[in-house]
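The exercises below are meant to be worked with the sequence and the coordinates open side by side. Try each task before reading the solution that follows it.

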Amino acid sequence: VSDARSPLGRLLEDVRRELRPLGWRARRRALDETRDHLLSAIEDGISEGASRAEAERGAVARFGDAEAIATRLCAARPRRRRRVVSAVVGAATITGVFALAAGPIAEDIAPHGAAAAATAGPSEQGCARAFDSSANAATRGLIRRSNVLRVQIFATRVPSCVIKFQLSDERVLTVQAPWVRDTAVGFSATTHAHGLVAGPNAVWRNGRLTAIGLLSDRPLLLGPPPTTATCADAWNASPPTPTATRGRSEPAVIRALNGGVSIISSSQQSINGFACTVWIAGPKGHATYVVGAWEPQGTTRWRKPIEASGMLRGAIPNADLGTDGRLTLRNLTVPAPQVTPNGAPPPKVSHEIGATGWAGGVKLYETLAQAIRHLGTPTDKIPTGLGCEISWPALHLSGVFMFGFVRHGKRHQSTPCGNTARVQSLTVTSTWKTDRGLRVGAPDSEIGRRYPGSTQVISLAAGSTTWYLVPRHGGPSGMGLTAVSEGGRITELTVAAGLTTFGSDIVPSP
Amino acid sequence: MHPEALRGHIDTMVLAALRAGPAHGYALVRELATQSDGVFELGEGTVYPALHRLEGDGLIASTWTKYEGRRRRVYALTSSGEAALDERHRDWRSFARGMNALLEGTT
């Protein structure tokens, strides 16, 4: 990760040396935290436009003097609870090894209803009982401090227990532990991802987990996904409490979240669901948001998330929140198209798309200015609230761009359609093919041959089928390379980044 | 604000930031800077001794998560931490009231 001669490498080496008075466990913890902090800061710096070297120098400078911090870390060594911390670290290590061995969770989750009864492994009830045992008190304590809306237990083939807790701020906290000798001990949080639990099959109450088996043998019917308009309707039909909106007349950004509903194996188990979010802009660019999980009947239960404050600078409001608490959609105007000058030939672009995040020379997270250098001037820019759909019809390529990022209180002035907006997904049609030779227009049967690990996804549009060709390792559903087919033939290919929200930011997961 | 002026208050600031919800160290630093509109810009590393000290005192708890293949420690307020934060808030209000009265009386 770091060169010993680089500023990052030197700082880590200094911290390591100064922490020698601590035991190896405490030293490793401090080093891991320092490394994670610095890498996060460097990623932020790069996303703000700094070079890697500049970002690294800035991160190290902001971190402070290694010797002074190490001295304070030694002095701050926990005086109580040391045994509990050690137990948690140990459990995390065991689970971390397990997680690495298991690979992406989605690939290993399998139904454990009647069809799986013959195999040795946990049941949903067994996982719930194991999670409630005193051996998992530390992880349960962490969950107790979160606002849990829904819970879904997966008893997997590995065998292991995976439990997803839907938190009130549109995040899913996943805990997992291997199933050994009829129990699961050492649950630890492994992912804290953006998304929703659509198929609750357990109840979390007073710090206890009870499996209720809703998904054991019946399909989950989600109905059509929400749209901006239906989210607004749901809001107006059943608005959240006045404290969530403050009842002021302010612009709002409505976002219909498609949480990437997916079928795992042949079972009707789905992982993520739908939601509406409404961001309400306030003074100085600060914003709060309210999230509502989308119910099959087209209703929502609005909640103000725990971490509900943030910045919306650069986003384009698509609604207004009246003093009566109702949302009114704006009629977003499309900016005048920027047409390639007559006679200017389109640039030479290789019509290939790759799962590692590129298409025609454009890489995910690049800015619009960089994309234009590869592809020429786009023809259409359509703002969609938090994003902007930008297309190059002559190249049969379009992308979704997002506004710039907010870091350290700095306000970036980019808009989703501006030159510093960053590309989050690229979709191609017509003459394109993947780097493994899967062409648009090829029959569905070609998918399995070129991508043996591909999985089929629930269709959101009638008559079409979506395939995850190469899921992004460790990322939420929908990241990576996907294909859509209609009438048995591939019609489009998309490579997408993931978005995870943490606090006030929208953070790319490169 | 001068770092020395902040030093005695880092623990309280960290507890206050965690009241909004669990967070890892880097997110906390960002939150402190953002919420204070850039006034509280700490030497970022100084937050970790505070976190470890507060955990040792039982005011916060933590667990490992994985993010992009690396280990990330996430901290959350305990019930003792919430009580301690309430107490510190009361003390701060009392201190601020007295200081305001003093400063306003001398100008």
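**Exercise 1. Which pattern of helices and strands does chain B follow when read along the sequence?**

Solution. Bear in mind throughout that this is a predicted model. Begin by counting the elements: chain B has five helices and three strands. Placed in sequence order, these elements give the pattern α-α-β-α-α-β-β-α. Next, consider burial, for which 53% of the 107 residues of chain B qualify. Finally, turn to the contacts in chain B with a separation of 6 or more, of which 50% come from residues 24 or more positions apart.

**Exercise 2. Describe how helices α1 and α4 of chain A meet, and determine which residues of α4(A) are buried.**

Solution. First locate the two helices, with α1(A) covering residues 7–18 and α4(A) covering residues 66–75; their axes come within 9 Å and cross at roughly 35°. The crossing is right-handed. At the contact, α1(A) contributes A:L11, A:D14, A:V15 and A:E18, while α4(A) contributes A:A66, A:E67, A:A70 and A:C74. Sorted by class, this contact holds five nonpolar and three charged residues, with no polar ones.

Now apply the burial criterion, under 20% relative accessible area, to α4(A), where A:A66, A:I69, A:A70 and A:L73 are buried. Viewed down the axis of α4(A), these buried residues lie within an arc of 100°, and therefore they line one face of the helix. This agrees with a general rule: an α-helix has 3.6 residues a turn, so residues three or four places apart point the same way. As a last step, identify the packing partners of the buried residues of α4(A), which are α1, α2 (24–47) and α3 (52–63) of chain A, together with α4 (47–56) of chain B.

**Exercise 3. Work out the strand order of the open four-stranded sheet in chain A, and explain why β17 and β22 each have one side without a neighbour in the sheet.**

Solution. The strands of this open sheet follow the order β17-β16-β15-β22, and their pairing is mixed. Because β17 (362–363) and β22 (433–434) of chain A stand at the edges, each has a single partner strand, and one side of each is left without a neighbour in the sheet. For β22(A), the connection to β15(A) (residues 352–354) is parallel and consists of two bridges. Within this pair, A:E352 has A:K433 as its bridge partner.

**Exercise 4. Is strand β21 of chain A enclosed or open, and which strands pair with it?**

Solution. Start with burial: seven of the seven residues of β21(A) (residues 422–428) are buried, so the strand is largely enclosed by the rest of the structure. Then trace the pairing, which is antiparallel with β20(A) (residues 397–402) over six bridges, and likewise antiparallel with β26(A) (residues 489–496) over four bridges. A:L426 illustrates both pairings, since this residue of β21(A) stands opposite A:G399 and also opposite A:V495 in β26(A).

**Exercise 5. Decide whether A:L327 is buried or exposed, and find which residues it touches.**

Solution. A:L327 belongs to strand β14 of chain A, residues 327–329. With 5% relative accessibility, A:L327 counts as buried. Leaving aside residues up to four places away in sequence, A:L327 touches several residues, among them A:W235, A:A252, A:I254, A:V278 and A:L321. The pair A:L327 and A:A252 is separated by 75 residues in sequence, while their C-alpha atoms are 8.1 Å apart in space.

Terms used
Residues are numbered from 1 along each chain as its sequence is written. Chains are lettered from A and ligands numbered from 1 in the order in which they are written. This is a predicted model: local features need pLDDT of at least 70, side-chain atom pairs count only at pLDDT 80 or more; totals for chains, interfaces and linings use all residues. Side-chain values use heavy atoms; hydrogens and water are left out. Axes are lines fitted to C-alpha atoms, for helices over the stretch in contact, and angles run from 0 to 180 degrees between N-to-C directions. A crossing is left-handed if the near helix is turned anticlockwise from the far one by less than a right angle, and right-handed if clockwise. Contact means heavy atoms within 4.5 Å. Ala, Val, Leu, Ile, Met, Phe, Trp, Tyr, Cys and Pro count as nonpolar, Asp, Glu, Lys and Arg as charged, and the others, Gly among them, as polar. Two strands pair if DSSP finds at least two bridges between them. Buried means under 20% relative accessible area, exposed over 50%, partly exposed in between (1.4 Å probe, protein chains only). The arc is that of the directions from the helix axis to the C-beta atoms.
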